Structures are given as structure tokens and as C-alpha cells.
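Trainee: Could we go through this one together before I get back to the bench?
Mentor: Gladly; have it open in front of you and ask as we go.

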Amino acid sequence: MPRWGMVIDLDKCTGCQSCTAACRVENNVPFAGPEQAELGRPIFYNEVLEEEIHGHYPFLKTQFVPRPCFHCENPPCVKVCPVEATYRDKEGVVLMDYGRCIGCRLCTTACPYAVRYFNWSAPQFPAPLDQALNPDVPARPKGVVEKCTFCTHRLRAAQAQAEEEGRELSDAEAVLLPACNQACPASARYFGDLENPESSVSRLSRSHRAFRIFEELGTEPSVYYLKSE
Amino acid sequence: MQTTQEEILTLLLTPLTRTSLGFIMLVGLLLLIMAGGAAAYVYQFVNGLSVTGMNRPVYWGLYIVNFVFFIGLAHSGTFISAILKLVGAEWRKPLARAAEAITVFSVPFGAGSILIDLGRVERSANVFLFGRFESPLLWDVTSVSLYLFSSIVFFYLSLLPDIARCRDELLDVPRWQHQMYRILALGWKGHPQQYRRLEKVLSGMTVFMSMLVVIVHTVVAFVFSMTVQPGWHTAVMGPFFLVGAVFSGSGAVVVAMALLRRAYHLEDILTHKHFDYMRKLLIALTLVWFYFIVAEHLTTLYGQEVEEMHIFREKFTGAFAIPFWTMFTCCFVIPLVIFLTKGKKSIGWMVVAGLVINVGMWLERYIVIVPTLTRPRLLSGLTTGTYSPTWVEWAITAACFAGLFLLYALFTRFFPIVPIWERSEEIEALLHETQT
Amino acid sequence: MTIPNMFTTPGIGGIIATAVLLCAAATFFGLTYWILCGGREEEPPWERMGWPYKSTDSERRFQNFGR
């Protein structure tokens, strides 16, 4: 049984935010607009966090940290959901059941990484965004929580294709499977099966540069970062 | 001058037979406020929660503050009638029903605030259909529903003999009012054995309700403390919420006592002595509240954990300094000064203290909930939040308070707010004989 | 640490909550009924239990005893 994970190389990341943009288009993330953005309403399955600038001139450092959902092995969000509207599937991906979510937002407050978002109003897609909607992704109503799904629709399609052809999903196919990885111009992101010791993500996650955010919480995130050199 | 039993009866029962203009105006005003809140809710239901000030990362705001506040307020009744009964404080008797009424009428608005906050309220049945007991929300739903249920039953049973008295003695009331007493009295005959059994059941429920009080407010605290967010994930949260609840509830009881005393001329029943007992109780509660605040913040300050200190700074000197210090003044400084000086002689000042305590406690709920949300654990420029409630949230908050006052006013209009049967000498003698 | 299924399976939580509330309802209803039934004509306990012999029967028998 594969366990999907991601590795993001912070040395290669330029902070261009192509991953964020591609993800939003791929997943039909609703439009927010400048007013709602001011109020803190937009949804970003993937967000590029920027650390403060450290040090004194000329020894300055800053770090861009693209942050998808970490699909933790011990997800605090799944623990607190009163109706199992969020769950961890057999392959380690933490998913949402939009039809069951009652919008209580306990999961959004329980997530220590703030990766969950809420539909404060009915999703809108003003022209020309309504021309770019992806039919493979379910529509969400207002009042439910949503977040990064590791592009599970793409994953399932690729797995179905592989099964039809009577083979396993190869590592090469998996690495750039999610939209964020595919869009990255710096090839800083990798996706794959953490249970397979030969996959790119497994090998990279064993690197001396590898770390995860808030390891001490015991959430066991599936997203590893590679420290800058 | 001792007021006779007869005079007391007249005092307590006469208000039930007529409607004053003041009452009608009050009800009119409260209904107006509630209508405003209802309109605001419809607007919110149609347009989604974007009409509120909530955002990412401040996912919870005024509605959850109200939820915790109203459930906390509800503990007044149980504390006064149940816990004080367990320690044999006889002076609580005249206050018991007034306090229990606060409980019965505020829990629905607490629970209602949660429903108002839901993104998809029409799916709330999912909590029963697909409920997971691992979630603190399920513990909340179970315990708060049980508490509401038990409070209503306890309240009703303690009211039963007095409803029967109204049925029997209030003859010059409208027919529908008499019918109401007749139906609600459930055929109560006043037989000694009925009184004996009633007293037994109320004693048993007292123990049960006392335990429930502890469970309910601790479980409400668990919704926050079971997450790993800084400022929330602390073991002191449960006891802190519980103390706060008893504190705000007791302040509310003082206000209710004074209002009823004035409105229904109960000066000889709710005496200065009762206010003095409440004063002493409230001094103790103020000091315990202070102890918890110091314990929590000193621990945080000494530990200097980065994520905790962000929130600490915002509370003490930053964006939340004004609400924080107002809260501290209203919960500790002003009440203590009043209780040690003016409050000794003046009921008016006690009412001021009671009101100020509740303002402070509402702010305390706000201070517990919102600052942590504005500074989540994974802090970055993008996750730092601010919160400005909108008119929708304020209108609904006002409507909840108006609703509480309305139910209370309606209740006191039709039922005696001070228990009559418990005061009756024959009943007391009867009950004493069963205890020996 | 594995948590027992009772806590994590959806639906069971709902059943627990409903069961608690229904038990409370039944208890409260029962207690109210019990209170209101106080003061009915005192009957000997054996009559209330449905003892087959009415008190008049046993009295008659007793009176006939020894004859």
C-alpha cells in the first residue's frame, strides 16, 4: 500500500508562487478579490510562506516555504471532526467529505499548520475564470472547509490508468503528478510513495538536509523540506 | 417588622394577575431587538459567514464567545440551588428559583450560538447520524444537551407545587392563564407523600446537577484546550472556565435579585442579608479568578516559549491590550473595591459590581478565544490575523441577550419568582420530620 | 496509541449521545410520574405486586381457620 508524501527543496525554491497559482486553477479554488483578500478570506491550498529577513547586511537571509497540506499521519484535524467529514484514506492522504461537513471549523482551529480554509461565501468564478474550471474536481458549496488534497483526482486517474495497463505507477510519473509540482520552474518539488525506499521522495526524505515542520508535535507530516545549504 | 405569611403570599402572587405598562414596553423593546437579530441571521444564512468579521486564521469569533459566555452564565442557577444546597446554606432558598431561571433561559442561547456559527446548520443532524466521540464537539453536544434537559426538569419540578398554588388561588386571571396553570400543574394535589417524594428527587438531582456543572464547563474548555494551539493547550483551561462560569453566574444572580426586589417589591424576602452573603461569595470568587489569571500568565511569561509569547505580548501590550486590561479591571479591580467598600451597605453598588463582572467575563471569553486565533502556531506574515466583528455579529449578540431577558421577564410575569412552597412552615415541618 | 473504535467510528458517537439523552428523558419522566403518584391510597406492598389473593380473601380464610 503506497503512502504518498512530498519533498520540497528550499534551496531550489525561488518563491515564484507558480505552485500556488497552478494549484488554484487545478482545484477550482474560488476567486476572492482584493476586498475579501484584505479581510483574510482567500483560499490557498498551497501557500508560499515567507520567513522574515534575518541577519545584517551583507549577510542577509530569507526563506520561502511553500506550504501545502502536510497530510499528517496523526492528523489533529481528523481527531476533532465531529462527523468524520475529514478522514485519512488508506494511502495516507487526508481528504474532505464536502457533503458531510457542517462547517463547525473545529478542524481549522485544530490544525497547527493553518492549512485548512473555509468557504465564507458561495464560490464565485467571474469571467474568464469560469472558462478554466476543471471538471475532475468536485464543486464545494459555501459553508464547508476545504484544503489541499495532494491532487487526489490526478492520483486516482494515474493509478487507474496504470492498473488498466497492468502495471504499477512508476516513480517518474509520480514525481510531478500534483499540479504544484508540475508547475514549479525550479523543479523544487517531488511527490511519491514514502513506503517505497527507492522512490525520489523516500531517498530525499533520508537526506541530512531533510526536516519537517513542528516535528515535536508528533503529527508526523508527510511533507519533508530540504534545508538550504 | 415581620411580614406575615399572608402578606408574603400576596406580594409574590399579585404580580401574576396583572400586566403593567412598563412590562409591555419592555417586552416590545426586547422583541424589536430580537427581530433585528433574526434579520441579521437571515442575511447571514443567505450570504454565508462572509458577512461576519471572521476570516483565516480567526475562524471563530463573537458567536463562540457568546456560546462560552451563556453556558458560563448558566452555572449561576446550578451553583446557587445545587451546590449551596449540598453545603447546607439555607439562605440560598429565596434566590434559588431566580438563579435557576437564569440557567434555564441562558443555555438555549449558548447552544443556539453554536448553531448560528455553523457553516451548514441544516446539516447539524449529522452530529447525531455520523457523530464521532473522539471529537470534543460531541462531548459538548452530549453534556450541554443533558445539562439543558436536566435544568429544565429540575426547574419545573421545583416550580410544580407553586404552579398548583397558582391554579388554586389565582382566580381572577384570564381563562387561558388559568388553563395554563391547570395543565402545567400535572394534577399536583399537595399530598404529604408527594412533597416527600419531590424533596427526595430534588435532593438527588442536586447531586447530579452539581457533577454536571463541573463536566459541562470543563468540556466546553476542552474544545479549546484539546487543540495544540499556543495559549489554548493548557491544563488550567478547564478549571479556569469553571471558576469563570460560577463567577459570572453569581454576578448575574445579584443583578437578578436586585431587579426582582425592585420590580415586585420583595424587600422583606430578598433582604440585605442575602446581598451580604452574595457579597462574601463574590469576594472569594474574584480572588480565585485572580489566582487563575496570575497562574496562567506567570507560567507563560517565565517559560518564554516563542509561540506563547507572541500571544502574551498581544494581550499585555499589543493589539488586545485594551480588551485585556479592561477585562482585568472589570473582573478584579472594580468588583473587589466595591465589595470591600460601598457594596457592604448599598444594593445599588452590588448591582454595578454584578454588571461589571459580567462585562468583564464576556471580555474574558473574547480574550481567551481570539488572540490565540490571530497568532496560530505556524506564524508567518500570511497567517497573522485581525478580527473586527461586523454589525451582523453584534446584532445577533444583542438579540441573544434580549432573548434571555425576554424569557426571564415572561417567566416572572406568570410564575412566582421566589419559591412559596419551600418557605411554608407546614411543608418545612413535614420535611424535617421525614429527615429525622 | 490506538483509540478504541467506539470513539473514532462515525455514527457510534451519535448513538452514545442519543442514548444518554434518551436515558435521561426516561429517568426524568419516571421520576416525575413517581412524584405525582405519591399519596394514592396506601396499599399493602403485596397487593401492589399483584399478589393473587385479595386482602378480603385472606381475612375470610383466617376467620375460617380453625373451624
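Mentor: What follows is a short talk about chain C, a helix of chain B and a sheet in chain A.

Trainee: Ground rules first, what am I looking at?
Mentor: This is a predicted model, where local features need pLDDT of at least 70 and side-chain atom pairs count only at pLDDT 80 or more, while totals for chains, interfaces and linings use all residues. Residues are numbered from 1 along each chain as its sequence is written, chains are lettered from A and ligands numbered from 1 in the order in which they are written, and side-chain values use heavy atoms, with hydrogens and water left out.

Trainee: What are the ipTM and pTM?
Mentor: The model scores 0.91 for ipTM and 0.91 for pTM.

Trainee: And how does chain C score?
Mentor: Its average pLDDT (the predictor's confidence in each residue, from 0 to 100) is 73, with 57% of the residues at 70 or above. Among the elements of chain C, helix 2 has the highest mean, 92, and helix 3 (residues 45-48) the lowest, 54. Where pLDDT is low, the predicted coordinates should not be read in detail.

Trainee: What is chain C built from?
Mentor: Chain C has four helices and zero strands, counting DSSP runs numbered from the N terminus, with helices being H or I of at least four residues and strands E of at least two.

Trainee: Why does the length of helix 2 of chain C look right?
Mentor: Because its 25 residues (12-36) should span 36 Å at 1.5 Å a residue, and its end C-alpha atoms are 36 Å apart; the expected span is 1.5 Å times one less than the number of residues.

Trainee: Which residues of that helix are buried?
Mentor: Among them are C:G13, C:A17, C:L21, C:A24 and C:F28, where buried means under 20% relative accessible area, exposed over 50% and partly exposed in between, with a 1.4 Å probe and protein chains only. The buried residues of helix 2 of chain C pack against helices 5, 6 and 8 of chain B, contact meaning heavy atoms within 4.5 Å.

Trainee: Switching to chain B, where does helix 4 bend?
Mentor: Helix 4 of chain B bends by about 25° at B:S106, and the proline B:P108 follows within four residues; the bend is the angle between axes fitted to the seven residues ending there and the seven starting there. In that helix, 19 of 25 residues are buried.

Trainee: Last one, what is the strand order in the chain A sheet?
Mentor: The open sheet of four strands in chain A runs 8-1-10-9, with mixed pairing, where two strands pair if DSSP finds at least two bridges between them. Strands 1 and 8 of chain A pair in the antiparallel sense over five bridges, and the bridge partner of A:W4 in strand 8 is A:D193.
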